[in-house]
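Please examine the sequence and the structure shown here. The briefing after them is arranged by topic.

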Amino acid sequence: GDSSDHIACLHISVVFAPLNSQLCICLCNQGFMLCTLRLRQTLCLCLTHTHTPFLTCFNSYLPVCVSGATGSGSSLIHVVRKDEDIYSPILRKLFNESHHIFVGLQTIREDLPSKNKKPQFVSISKSYRSVIRACMEELQQVSILLAIELIWNLCEVLFIDAVPAGSLLLHLLDWVRLHKADVDEKAREVLQSESPVEHHGYWDVVVSYVLQGRLEEARQMLAKQAAQQYADKNMYKLMDNLLSKMPPGSIHTLTEFDVKWRHWHEEVDRCLQDKSFASNVHLELICKILVGDEDTLLEHKELLSTWYHFLVTRLLFAHPTIKPTELHYYAQSCMAMFLDSRSAPETLDSILLAAFDFDIHQVIKDCSIALNNWWFVAHLTDLLDHCKLLQSHNLHFGSNLREFLLLEYASGLFNHHSLWQLAVDYFDHCPEFGRVYLELHIERVPLDTERKALKVLRICEQRQMPEQVRSICKIMAKRALRNNRLGSALSWSIRAKDAAFATLISERFLQDYCTRGTFSDLDLIDNLGPAMLLSDRLTFLVKYHEFHKLYGEKCFTEAAKLLLSLITAKIAPRSFWMTLLTDALPLLEQKEVSQTHPHLSLGLYDLTVICVFWSFQEEDIELTKVELLRLALARNLAKAIVKEGTVDA
C-alpha cells in the first residue's frame with residue numbers, strides 16, 4: 001500500500017490446525033489475507049485499509065484463535081458455517097430418505113449386463129426425485145429444491161436413461177410439463193367459473209396446452225368454444241382436425257414418424273398460407289404455433305416463462321426428430337433468442353446448457369459452486385459413476401470424483417447430532433479414503449450419553465477399529481469414575497482392555513469396602529469371568545468378593561483356602577493387609593478350619609510378622625492393634641503346631 005497506510009500489529013495463535021495444511025499470505029490492494037487451506041476448510045484473516053481486521057472462518061470443527069491489535073478500531077469475527085442445511089428439519093428428511101436409496105444402489109451387482117442394470121438405475125433416479133418432491137411439498141422455500149429436481153430430471157433423461165432420437169423429445173416434453181404445473185391450476189380456475197369460454201384466462205390456457213404439446217387437452221377446451229360459436233363451427237372443426245392428426249412419436253419408427261410429421265406439417269402450413277383462420281385471431285395464433293413460427297413463440301414469453309420451455313416447444317413443432325448430439329446447438333440459440341441480450345445468463349441457465357452439451361463434469365462443477373450443500377452433487381455423481389459415465393475423470397490427489405464428493409457430503413453430516421450415523425455408510429462405500437475419514441470423524445462425535453457411546457462403539461467394533469474402541473471406552477470409563485459410578489467405569493475399562501485403569505477402579509472398590517463394609521455393583525463383579533485377569537488388582541477384587549460370599553454361605557473351609565491363596569499370591573495391596581488379617585481371625589476360631597488346615601495359621605503368621613515390621617514404618621497403623629492380632633495368631637499357631645505334631649506321630 002501507500003506509505004501513509006497504517007500496518008496493524010497482528011498476533012496469531014493456532015490452537016489446532018489440520019495436518020498437511022498450507023499457509024498462504026495473499027496480498028491485495030485492500031490489505032492482506034492469511035489463510036490455511038485444506039480442501040474446503042479455510043481460515044481467512046483479512047486486514048483492510050480501514051484498520052479493522054476481521055476473521056472469516058470456513059470451518060465447522062477446526063478451533064483457531066486469532067487476535068489482532070490495530071491501535072484503533074475494534075476486531076470483528078465473522079463465522080461462516082458450512083453445510084447449514086443439515087439443521088433444516090425438512091432437509092433432514094431428504095438426507096434420511098436418500099440414505100436408504102444410496103445404500104440400495106451400492107448393492108447392485110457390478111457383473112450384471114448393462115441392459116439389465118439400466119432400468120434399475122432409472123428407477124433409483126426416480127426414487128431420488130420423488131424424495132425431493134416430497135420435501136418440496138413440506139418446505140415453503142422450494143426454489144432450491146425446484147432447481148435441484150429440474151437439473152436431476154434433465155440429467156436422468158440425457159445421461160442415465162440416454163433415450164435416442166424420437167423418444168428424446170417425448171421425454172423432454174414430460175420434463176417441461178412436470179416443471180410447468182401452473183397451467184393445470186389456471187385450467188381448473190377457468191373450468192370452475194360460471195362461463196369458462198368467457199373467462200379472461202381461457203385462451204391463455206388453450207395456448208399453454210398447445211405450447212406444451214398437450215393437444216388433447218387443447219381440443220377439449222376448444223370444443224367448449226366451438227359449441228357456442230356457430231358461425232365459426234367449420235373453422236373450429238378444421239383446427240380440431242389438425243390437432244388430432246399430429247403424429248405421436250411413440251408408435252412409429254423414426255423414419256415413419258418423420259414422413260408422417262412432414263405431411264402433417266405441410267398441411268398446417270397450407271392452412272396458414274390459405275388464411276383459413278384469418279377471421280379468428282386465436283385460432284390463427286395456434287396455427288402459427290403448430291408450424292413452429294419462432295416470432296410467434298417469442299411473443300408469448302410470459303406463457304413459456306423459460307428459455308428451455310421455448311427450446312422444447314420449438315423442437316416439438318419444428319425439429320421433432322432431433323438427435324442428442326444436436327441439442328446443444330438449439331439450446332444455445334434458444335437461450336440467446338429468449339433471454340435479454342443485455343443480461344448475463346443465470347447459474348441455472350449455465351448448468352442446463354452444460355447438460356444439453358452432455359458435459360457431465362461441468363454440470364457437477366457448476367452445481368458444486370452454486371448449491372449450498374453437497375447432497376445433490378454427491379448422490380448424482382454416485383449414480384452417474386455406477387452408470388460408468390465418470391470413469392475417465394480422476395482427481396490428481398488420488399481419489400476419483402465420486403469419492404471426493406461423497407467424503408465432503410459425509411463430513412458435513414458428521415457435524416449434526418443425529419445425522420452422523422448416516423455418514424458412516426457413505427464412508428463405508430468410499431474404498432480409498434473412507435476408512436481414514438471415518439476414523440478421524442468418529443473420534444469427534446460427542447459422547448453425550450452412554451447410549452450414544454454404545455452406538456459409536458458398535459460402529460467401531462463392526463469395522464475393526466481397535467484404537468477408536470479403546471479411546472471411546474477410556475473416555476466413558478473416566479467419565480463414569482468422575483461421577484462415582486464404579487461399576488460402569490469398571491465395565492468400560494475392561495472393554496478398553498486398560499489394565500492400569502482397571503487397577504485404579506479396583507482399588508476404589510476396595511476403598512469403598514473399607515469405608516462402608518459392603519461391595520457395590522455385585523452383579524458385575526460376580527460375572528466378570530476371564531475378564532478379571534486383566535490386572536492383578538481386579539483379580540484380587542473378584543476373589544476377595546468370592547471369599548465373602550463363601551463366608552456368608554458358611555463354607556468356612558473353602559473360604560479359608562481362598563483367603564490363604566490370596567495371601568500367598570501377594571496380589572493384595574499393602575494397605576489391605578490389615579483387613580485380610582481381620583477377616584482371617586474369625587476363621588481361625590472355627591474348629592473345622594483349625595483342625596483341617598493348620599497351614600493357614602502358618603501363612604497368617606508370616607503375614608503378621610510383615611505387618612508388624614511395616615507398622616514401625618507407617619504412622620497411620622496402630623501398633624497396639626497389630627500386637628493384638630499377632631498374639632491371637634500366635635495362640636492359633638501353637639494349636640496348629642500341636643495338631644500337626646500329633647498327626648505326624
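The following notes treat the overall fold, two helices, the salt bridges and the aromatic contacts.

This is a predicted model, in which local features need pLDDT of at least 70 and side-chain atom pairs count only at pLDDT 80 or more, whereas totals for chains, interfaces and linings use all residues. Residues are numbered from 1 along each chain as its sequence is written, and side-chain values use heavy atoms, with hydrogens and water left out.

**Overall fold**

- The protein chain contains 31 helices and seven strands; these are DSSP runs numbered from the N terminus, helices being H or I with at least four residues and strands being E with at least two.
- Of the 649 residues in the protein chain, 46% are buried. Buried denotes under 20% relative accessible area, exposed over 50%, and partly exposed in between, with a 1.4 Å probe and protein chains only.
- Among contacts in the protein chain with a separation of 6 or more, 59% are between residues 24 or more positions apart; a contact requires heavy atoms within 4.5 Å.
- About 33,500 Å² of the protein chain is exposed, and carbon and sulfur atoms supply 53% of this area. Accessible areas come from the Shrake-Rupley method with a 1.4 Å probe, and for residues only the protein chains shown count as cover.

**Helices H1 and H2**

- Helix H1 has 18 residues, which at 1.5 Å a residue should span 26 Å, and its end C-alpha atoms are 26 Å apart, in agreement. The expected span is 1.5 Å times one less than the number of residues in the helix.
- The buried residues of H1 include Leu-94, Phe-95, His-99, Phe-102 and Leu-105.
- These buried residues of H1 pack against H2, H3, H17, helix H18 (401-413) and helix H19 (420-428).
- Helix H2 (residues 114-138) has 25 residues and an expected span of 36 Å at 1.5 Å a residue; the distance of 37 Å between its end C-alpha atoms agrees.
- Among the buried residues of H2 are Lys-117, Phe-121, Tyr-128, Arg-129, Cys-135 and Met-136.
- Packing partners for the buried residues of H2 are helix H1 (89-106), helix H3 (143-160), H4 and helix H17 (375-386).

**Salt bridges**

- Side chains of opposite charge can pair when their charged atoms come close. A salt bridge is counted when a side-chain nitrogen of Lys or Arg is within 4 Å of a carboxyl oxygen of Asp or Glu, and the whole structure holds 21 salt bridges.
- In helix H4 (residues 167-178), Arg-177 and Asp-174 lie three residues apart, about one turn of the helix, and they form a salt bridge with the closest N and O atoms 3.6 Å apart. Arg-177 is partly exposed at 26% relative accessible area, and Asp-174 is partly exposed at 44%.
- Arg-214 and Glu-217 form a salt bridge, with 3.4 Å between the closest N and O atoms. Arg-214 is buried at 12% relative accessible area, whereas Glu-217 is partly exposed at 28%.
- Glu-439 and Arg-435 meet in a salt bridge at 3.2 Å, N to O. Both lie in helix H20 (residues 434-442), four residues apart, about one turn of the helix. Glu-439 is partly exposed at 23% relative accessibility, as is Arg-435 at 38%.
- Arg-129, Arg-133, Glu-149 and Glu-156 are joined into one network by salt bridges that share partners.

**Aromatic contacts**

- The structure holds 22 aromatic pairs. Rings of Phe, Tyr and Trp (its six-membered ring) pair if their centres lie within 6.5 Å; planes under 30 degrees apart count as stacked, over 60 as edge-to-face and the rest as tilted.
- The rings of Trp-307 and Tyr-308 have centres 5.8 Å apart and planes at 80°, so this pair is edge-to-face. Both residues, Trp-307 and Tyr-308, are buried.
- Tyr-409 and Tyr-426 are also paired edge-to-face, at 5.1 Å centre to centre with 80° between the planes. Tyr-409 belongs to helix H18 and Tyr-426 to helix H19, so the pair ties together parts 17 residues apart in sequence.
- Tyr-409 is buried at 4% relative accessibility, and Tyr-426 is buried at 0%.
- Phe-95, Phe-102, Tyr-409 and Tyr-426 are linked into a cluster by ring pairs.
- Lys-301 lies over the face of Phe-338, 5.2 Å from the ring centre. This applies when NZ of Lys or CZ of Arg is within 6 Å of the ring centre and within 35 degrees of the ring normal.
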